[in-house]
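I opened a fresh page for this one and jotted down what I looked up as I went.

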Amino acid sequence: MSEGRDSHVDSEPAVETRYSTGESPSEAVIRALAATKGVEPTELDLLYDFIDPEALDSLLGGPVIGDESQTVVAFSATGYRVVVSSNGHVSIFDETDGRSSSRCAWFSRPIVSIK
């Protein structure tokens, strides 16, 4: 299981990326969704149609390195499952494969990275 990955998503992510102190979590999500769809960020539906970007940024803030109890936010946007964690990890999963959930989950828990 990759770091930051939603525990109930069995498929490999379409895109995995990270955000750093120079980029907000919502900006990283927009960048990752645009890369997944092969379009410019300005061509996407507004992120606000799926989640409040300010709340996402406020909840996750800048990435926390080495934090054993990470905050993970998962939500659906434009046919994809978006998973963002407070360690700076962003994963985008295709929901059309039938294995990922379309419900929004907010939770805090440790994440284990196995590569």
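These entries go from the whole chain to one of its helices.

**Entry 1, the whole chain.** I noted at the outset that this is a predicted model. I counted two helices and five strands. Reading from the N terminus, I got the order β-α-α-β-β-β-β.

**Entry 2, burial and surface.** I looked up burial next: 48% of the 115 residues count as buried. The accessible surface of the chain is about 5,900 Å², and carbon and sulfur atoms hold 50% of that.

**Entry 3, contacts along the sequence.** I took the contacts between residues at least 6 apart in sequence, and found that 60% of them join residues at least 24 apart.

**Entry 4, helix 2.** Which residues of helix 2 are buried? In this helix, residues 53-60, I found P53, L56 and L60. I then looked down the axis of helix 2: the buried residues fall within an arc of 60°, so they line one face. I wrote the textbook reminder beside it: an α-helix has 3.6 residues a turn, so residues three or four places apart point the same way.

**Entry 5, the two sides of helix 2.** What do its buried residues pack against? My list has helix 1 (25-37), strand 2 (70-77) and strand 3 (80-85). On the face turned away from the buried side, I found the exposed residues E54 and S58.

**Entry 6, the ends of helix 2.** At the start, I saw a side-chain oxygen of D52 within 2.9 Å of the backbone nitrogen of E54. After the helix comes G61, and I noted its positive phi, near 60°.

Conventions
Residues are numbered from 1 along each chain as its sequence is written. This is a predicted model: local features need pLDDT of at least 70, side-chain atom pairs count only at pLDDT 80 or more; totals for chains, interfaces and linings use all residues. Side-chain values use heavy atoms; hydrogens and water are left out. Buried means under 20% relative accessible area, exposed over 50%, partly exposed in between (1.4 Å probe, protein chains only). Contact means heavy atoms within 4.5 Å. Accessible areas come from the Shrake-Rupley method with a 1.4 Å probe; for residues, only the protein chains shown count as cover. The arc is that of the directions from the helix axis to the C-beta atoms. A polar contact is a pair of N or O atoms within 3.5 Å; within protein, one must be able to donate a hydrogen and the other to accept it, and residues adjacent in sequence count only if both atoms are side-chain atoms.
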